[in-house]
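Work through the exercises below with the sequence and the model in view. Try each task before reading its solution.

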Amino acid sequence: MSSTDPGTLVYAFDIAAEQPWSRVLKKGQTLRIIDSEGKQAVDALMYVADDTAERYSAQDTLRVQGSAYLELGTQLISNRGRVMARITADTCGRHDTSAGCCSCESNAVRFGEATRYQHACRENFILELSRHGLTKRDIVSNLNFFMNVPIEPTGNFTVLDGPSAPGNYVDVTAELDVLFVISNCPQVNNPCNGFDPTPIRVEIREAAAAEMS
């Protein structure tokens with residue numbers, strides 16, 4: 001694990017529990033996602049800013065790195081085979097990109113019809129993507145930071161208690177200009193958020209001049 005200083009802070013925002021957020025991350029900038037209170041899953045999507053038809057590919061990311069998890073050093077790959085960003089610091093240790101995002105439909109199937117109308121990450125993504133001219137058809141398999149999803153040799157997996165402690169963070173450094181979209185997960189029916197969704201903080205830093213040259 002690493003906790004290196006990624007540069008000069010240029011933006012900071014506290015994302016309320018259960019809410020979405022998005023921003024264009026310029027090439028060379030680092031987004032730090034901080035689990036403010038611990039045990040909070042953070043779902044995320046990425047799109048190339050000037051051509052959103054190119055977007056994050058979980059399948060290509062796992063294939064290229066040969067691992068079922070995201071961790072320090074992981075290259076986040078697009079559907080066109082380009083490196084969109086890298087995980088450059090991580091005080092948590094392991095993240096998921098296989099379990100997808102919660103939705104009203106999956107809540108109803110997994111937890112009962114009474115949960116169908118609970119707020120979910122898919123609805124957060126739809127709301128936030130609409131601000132950028134994108135629709136639900138543009139939602140792809142997403143990243144799940146701070147989410148504990150061990151995968152068995154059989155391929156079966158389940159969502160367990162979140163592994164992050166208060167203040168744990170992960171840094172994502174952009175290799176292209178990317179639209180970064182977050183759903184601060186509102187799930188209350190499994191332990192990914194400790195059954196209690198809480199705020200997170202995002203910070204964007206510019207790389208030092210020497211690192212950019």
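**Exercise 1.** Which residues does Ile33 touch, not counting residues up to four places away in sequence?

Solution. This is a predicted model, in which local features need pLDDT of at least 70, side-chain atom pairs count only at pLDDT 80 or more, and totals for chains, interfaces and linings use all residues. Residues are numbered from 1 along each chain as its sequence is written, and side-chain values use heavy atoms, with hydrogens and water left out. Contact means heavy atoms within 4.5 Å. With that cut-off, Ile33 touches Val42, Phe145, Phe146, Asn168, Tyr169, Val170, Phe180, Ile182, Ile200, Arg201 and Val202.

**Exercise 2.** Place Ile33 in the largest nonpolar core.

Solution. A nonpolar core is a set of buried Ala, Val, Leu, Ile, Met, Phe, Trp, Tyr and Cys residues joined through side-chain atoms within 4.5 Å; buried means under 20% relative accessible area (1.4 Å probe, protein chains only). The largest such core has 31 residues, and Ile33, Phe145, Phe180 and Ile182 touch the most other members. Strand β4 (residues 42-48) gives the most to this core, 4 residues; strands are DSSP runs (E, at least two residues), numbered from the N terminus. Apart from this core lies another, of 9 residues, including Cys121 and Val149.

**Exercise 3.** Describe how strand β6 pairs with β5 and β8.

Solution. Two strands pair if DSSP finds at least two bridges between them. First take β5 (residues 75-77): 3 bridges join it to β6 (residues 83-90), and the two run antiparallel. Gln75 has Arg86 as its bridge partner in β6. Next take β8 (residues 169-174), which pairs with β6 in the antiparallel sense over 5 bridges. Here Ala89 stands opposite Asp171.

Conventions. Buried means under 20% relative accessible area, exposed over 50%, partly exposed in between (1.4 Å probe, protein chains only).
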